[in-house]
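Here's a quick walk through one small model, starting with the overall layout and then zooming in on a helix pair and a few single residues. Have the viewer open while you read.

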Amino acid sequence: MVEPHERAEAIRDQWIANSVPKTMKADVILVDELTHKLIADAKALGIRRGEIDEEVDSPYRTILDAIEHPA
């Protein structure tokens with residue numbers, strides 16, 4: 001059985017890889033929109049916001065970091 005935090009971590013990492021272009025520039029509005037989309041997409045998969053919050057201090061900062069330091 002997959003633990004809730006593992007589901008949240010997997011969706012976050014996979015979602016960022018699929019949804020955040022590596023050439024995207026940091027833009028407050030776009031990062032905010034991506035943050036809301038991440039949370040909505042996770043919710044659609046049955047992953048609560050609390051599960052994501054347990055894995056990262058801030059989904060916003062996590063997305064911003066992915067933009068500033070692409071993998």
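## Overall layout

Reading from the N terminus, the elements go α-α-α-α. That's four helices and zero strands, in what is a predicted model. The radius of gyration comes out at 12 Å, close to the 11 Å that the globule rule gives for 71 residues, so the protein is as compact as a globular protein of that length.

If you want a box for the C-alpha atoms, roughly 35 × 20 × 20 Å along the principal axes will do. Of the 71 residues, 31% are buried. Take the contacts between residues at least 6 apart in sequence, and 75% of them turn out to join residues at least 24 apart.

## Helix 2 against helix 4

Now for a helix pair. Helix 2 covers residues 28-44 and helix 4 covers residues 59-68; their axes come within 9 Å and cross at roughly 120 degrees. An angle from 65 to 115 degrees would count as roughly perpendicular and one over 145 as roughly antiparallel, and helix 2 and helix 4 are therefore oblique to each other. As for handedness, helix 2 passes helix 4 in a right-handed crossing.

Who does the touching? On the helix 2 side you'll find Val28, Val31, Asp32, Leu34, Thr35 and Leu38, while helix 4 brings Pro59, Tyr60, Ile63, Leu64 and Ile67. Sorted by type, the residues of this contact come to nine nonpolar, one polar and one charged.

## Thr35, inside the contact

Thr35 is worth a click. This threonine lies in helix 2 and is part of that helix's contact with helix 4. Is Thr35 buried or exposed? Its relative accessibility is 8%, so Thr35 counts as buried, the limit being under 20%.

Leaving aside residues up to four places away in sequence, Thr35 touches Pro59, Tyr60 and Ile63. Those three residues are also among the helix 4 members of the contact listed above.

## Ile11, in helix 1

Next, hop over to helix 1, which spans residues 4-19 and holds Ile11. With a relative accessible area of 12%, Ile11 is buried.

Which residues does Ile11 touch, once those up to four places away in sequence are set aside? Leu45 and Ile47. There's also a long jump along the chain to look at: Ile11 and Ile52 are 41 residues apart in sequence, yet their C-alpha atoms are separated by 8.9 Å.

## Two residues with more solvent access

Thr23 sits in the loop between helix 1 and helix 2. At 69% relative accessibility it counts as exposed, because the bar for that is over 50%. From Thr23 to Arg61 you travel 38 residues in sequence and 17 Å in space, C-alpha to C-alpha.

Glu68 belongs to helix 4. Its relative accessibility is 48%, so Glu68 counts as partly exposed. For a distance check, pick Asp57: Glu68 and Asp57 are eleven residues apart along the chain, and their C-alpha atoms are separated by 17 Å.

Definitions and conventions:
Residues numbered from 1 in each chain as written. Predicted model: local features only at pLDDT ≥ 70, side-chain atom pairs only at ≥ 80, totals over all residues. Heavy atoms only, no water. Axes fitted to C-alpha atoms, helices over the stretch in contact; angles between N-to-C directions. Helix = DSSP H or I, 4+ residues; strand = E, 2+ residues; numbered from the N terminus. Parallel < 35°, antiparallel > 145°, perpendicular 65-115°, else oblique. Left-handed = near helix turned anticlockwise from the far one by under 90°. Contact = heavy atoms within 4.5 Å. Nonpolar A, V, L, I, M, F, W, Y, C, P; charged D, E, K, R; others polar. Rg over C-alpha atoms; globule rule 2.2 N^0.38 Å. Buried < 20%, exposed > 50% of the residue type's maximum accessible area, 1.4 Å probe, protein only.
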